[in-house]
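Subject: Structure handover and what was found

Dear colleague,

I am handing over the structure we spoke of, and I would be glad if you could read the notes underneath with the coordinates open beside them.

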Amino acid sequence: MKKRFGRYFVLIALVTLTGMVLFACGQQQEQPAEATKEAAPVEKAVEPIKLGVAGAHSGDLASYGIPTVRAAELIVKKRNAMTGICGRQIELLVEDDVCKPEVATNTATKLVTDGANVVVGHICSGATKAALGIYKESGVIAMSPSATNPALTQSGDYPNFYRTIASDDAQARLEVDFALDVLKLKKIAVLHDKGDYGKGLAEFAKGFLEGDSRAEVVLYEGITPGAVDYSAVVQKIKQSEAEAVIFGGYHPEASKLVQQMRNKAMDTVFISDDGVKDDTFIKVAGEFAEGVYATGPVDTSSNPIAVDAVELHKKEYGEEPGAFFLNAYAATLALLNAIEKSGSTDYDVLTKTLQSEWVATPLGIIKFDEKGDAIGVGFAVYQVQNGQYVTVEF
Amino acid sequence: MITLQEIKKSFLVSLWFMFLTFPIMVIKVNTIEQTIEWRWWWMAAVGLGAFVLSFFWRIAIARKEAGKKKAEVSGEEKIALIPRLMSNPRFYIPGLVATVALVVIFPFVFSMYQTNILITALIYVVVGLGLNIVVGLAGLLDLGYVAFYAVGAYSYALLNYHFGVTFWMALPIGALLAFLFGIMLGFPVLRLRGDYLAIVTLGFGEIIRLVLENWNAFSFGPSGIANIPKPGLFGLKLSLQQSSIFIYFVMIGLALMTIFVVRRLQDSRIGRAWIALREDEVACQAMGIDKTRTKLSAFAMGATWAGMGGVVFAAKTTFINPTSFTIWESVIILCVVVLGGMGSILGVIIGALVLILLPEYLRAFSEYRMLVFGALLVMMMVFRPGGIVSGVRRIYKFEGLQNKVDS
Amino acid sequence: MDYFLELFLGGLTRGSIYALIALGYTMVYGIIELINFAHGEIYMIGAFTGLIVISVLTMLGWNSIAIIVLAALIAMLYSAAYGFTIEKIAYKPLRGSQRLSALISAIGMSLFLQNYVLLAQTSNFLPYPNLVPTWDFLQPYEHIVRSTEMVIYIATALVMVLLTYLIKFTRMGKAMRAVAQDRDMSMLVGVDVNRVISFTFIIGSSIAALGGVLVASHIGQVNFYVGFIVGIKAFVAAVLGGIGSMPGAVLGSLVLGWTESFFTGYISSDYEDVFAFLFLVLILIFRPAGLLGRSDTDKV
């Protein structure tokens, strides 16, 4: 008996601890939830539409997954405050996959079991591939804001997959064309962060460059993400006499690289991808960001939906949105729009609607081709000028 | 019951925590926007929480200490509840029957999600039992165990991709390859002991992962290998649900086999040699045990199970890439062994179930999931340092001689 | 030759950064034989605390040298407090149990702290202002070595000298050595073991915080996850040098830094870490107790 008692104490202590943490950190979110409840008329009779959101919400890649959750939260809150979709409220099912394939399969089964109608996610290509089979069997459509692996749409293995981001090969093509046609560069170093996003892109860039006689790849290397110093690699770029660096990866490594290159008084051109075309990059790299090129969806700063979304995020969370926020915002809008237009969550109906109905998103007015890539998301090259991404015409 | 002294003490603790969490919890800076947000109510919450918790903490620690003292005074080793029940046939037999019944009907009663996470947990049972041989029995701290797991997973994925090898053929091949890798990695580290061994194995684990990540021509690099077939059942076409249930039973079978083999190994000549090695290397050598062979066999045997686990892992996930084989995975497998109770088979099983299922069930806490998980790990270790089921040391009594002397 | 020199300095920077963290690892290990997995997180918390102080003071319009000094000091103070508290909560109750239990507890602590900062602050990367002043006399060599890097070298050297003094010549240092050698025996001769262990955690943590502030200034960004990778690397460095030995930790860190730098420079950074780990394995095979570690012979 006595021993049992001790165990109860531990249990109580645990519950109190978690309770305390929840109380401490949960307050911020409680308020909006209450507000929604008041605003929306109680419509319990109709089954809510369940929108799954899956991605990395903890661990090293959390900063790429959390913005997606927030995008979905913002939209769902806004829609529910009105009448939801067709009078049906939208319920969010947010599940973490830590960007690991094996967790992603569990996440996917959880979402399917919980009755998710459509899914926004996943974030990483690997996790997405692992999860898609489960969605496919269950007739659930998944739309990723950030999984760029070409095979996802081009292999034909994943008919239920859509994305609001360009695939690696499309972005690499654009980067290479820009480097060769506009900047007329001869010697190019291709770097990547060894991740599935960065390396995938770099492989394509390297392939395209090698297939073109106008320029040569003088250096092809992977850098170690999270390292405290990149001076050795920077020296190597200098040694290789590259005129430009094409970098595949995310903004933390990009800003470290650029900063160290500029510190060594190198004015090497820096061209990068969607993972870098993020305002956080400019803020983190500061003055060093000036002149950096990055590819990304066509100008979003003048798109009213994008402006609105960013404003809403700032108001709600008190900070600038993170990576892939607009892509996720577009994905959520596209999915909800398809459900609304067709009035159904049926797989075949949704597929047809997604491929036929145009929808206004922060990325422009888009629909999807039968492979799952977005049509209408124009891609453009940007350059950082005076602390802002400015479209480069070419 | 609560004295003034204790209130004062708790008050100080709460003050301390308010001080400690002040910058991180209260001030939220935004260096991008150059704004500062002050969140004073969090401080109040921390203060209150620390005040209340410190009472429970003190009581719990006091009870733990008292328990330890009592055990010291009485001089007998306290046997935990579960092994005690296990040794009593009155509980053992119905318990076993109930467990078997539950295991058999589980996938038909519970949802596919429950079945799926249980499969993951079962993979960790097998892998954990393998690591238990290395860490729990032979006492060699291995922080790179996930390397063998990766060998298993990649051998199935690659053999299938290139030669269409089926799951059932890949299972022994994966095990064999992992076994060979175990011997290969075991050789250079024979001289090392303790934490030097740990760090070298960590190094090997990372090397294997980095090679998989960088050597595109061989392993397809970070973009991984997709469309790995699930295990087939005589060529039948299985739906997702059916194949989950099938893998579940495959895993149950594999786990039972592992348990059987590990149990037999424990009681064998080599198993006793491992335990002797763990207890005292020098004395063990002096007794005439071949240290090299014993260590190598521990490494290789442990690796074999990881290889098999890896094959099932690849088949279950249908997609693998190097992110699944980071050092973090080794750490989790080590946690399974230590948390469950080193050297105890039942302990490892319970440890795997707890550690793999817990984060899944903690999904209810959404973003606080890993925070709670971390806190629970610390608590479990603080209050049950020997693991959930501490391995009971077998006591051999030699009574014959005593009787003779007496008479 | 220039190329070599630059790689050398790059390696020195990396090595010095590893050293600031490895010292804390090695101290804690020397005293209680625990691989303190949460040490990387202490480093991260130090960097974050520093950032918070810097932001607050910048808004108050202080002068930049005063800010960086104060930020480093407050970060050290807070990290020391965290180190102290963590030891009391997660490690002290485990003293006397099997060693691996404390290791798991440390892993749990590391997870907890990471997510604590993630939830209380942000998941995003935050820019870290570099307030280390640029010195005029370094101007001509700007492209080779910058003042921040210089400060990191100097800080590492200074910390090592001070620590060696502390351990070799002070009463507390003597007590630390005694506890490291034989905890029970030193208790018998009147050393307050609890105090010595707390002191070790406080010193180790504050060095990590100093490292955190300097490194974050150097690379210009911080996020809740920065501690983990650096922590592992620093631990490798500590073992390479012979865990438990202060000069060993510094030497091991430098060797690791140079290995990575030269390998990247002359061969390829693809396999940079592979090579670093292979090198570690090779060294440990020939010197099983690390570069400067004592190899004890077992007595039965």
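What follows is an account of chain confidence, the two interfaces of chain B, and the fold of chain C.

Please bear in mind throughout that this is a predicted model. Chain A has a mean pLDDT of 83, with 89% of its residues reaching 70 or more. Two stretches of chain A deserve caution: residues 1-7 have a pLDDT below 50 and, beyond near neighbours in sequence, make 2 contacts in the model, while residues 9-44 also have a pLDDT below 50 but make 40 contacts beyond near neighbours in sequence.

Turning to the interfaces, 53 residues of chain B are in contact with 49 residues of chain A. On the chain B side of that interface, at least two residues each come from α2 (40-74), α5 (112-137), α8 (194-214), α13 (291-317) and α16 (369-383) of chain B, and α2(B) gives the most, with 12 residues. By class, the residues of chain B that touch chain A divide into 28 nonpolar, 17 polar and 8 charged.

Chain B also meets chain C, where 46 residues of chain B are in contact with 53 residues of chain C. The elements of chain B that give two or more residues to this side are α1 (4-26), β1 (27-30), α8, α12 (281-286), α14 (327-340) and α16, and here α8(B) gives the most, with 10 residues. The side of chain B that touches chain C has 35 nonpolar, 5 polar and 6 charged residues.

As for chain C itself, its secondary structure comes to 11 helices and 2 strands, which follow one another along the sequence as α-α-α-α-β-α-α-α-α-β-α-α-α. The radius of gyration of chain C is 19 Å, close to the 19 Å that the globule rule gives for 300 residues, so chain C is as compact as a globular protein of that length. Its C-alpha trace spans about 60 × 45 × 35 Å along the principal axes, and 63% of the 300 residues of chain C count as buried. Among contacts in chain C between residues at least 6 apart in sequence, 77% join residues at least 24 apart.

One helix of chain C can be checked against its expected length: at 1.5 Å a residue, the 22 residues of α4 (residues 99-120) should span 32 Å, and the end C-alpha atoms of this helix are 32 Å apart, which agrees. Helix α4(C) is also mostly covered, since 21 of its 22 residues are buried.

With best wishes

Terms used. Residues numbered from 1 in each chain as written. Chains lettered and ligands numbered in written order. Predicted model: local features only at pLDDT ≥ 70, side-chain atom pairs only at ≥ 80, totals over all residues. Helix = DSSP H or I, 4+ residues; strand = E, 2+ residues; numbered from the N terminus. Expected span 1.5 Å × (residues − 1). Buried ≥ 20, exposed ≤ 12 C-beta atoms within 10 Å, placed from the backbone. Contact = placed C-beta atoms within 7 Å. Nonpolar A, V, L, I, M, F, W, Y, C, P; charged D, E, K, R; others polar. pLDDT = per-residue confidence, 0-100. Rg over C-alpha atoms; globule rule 2.2 N^0.38 Å.
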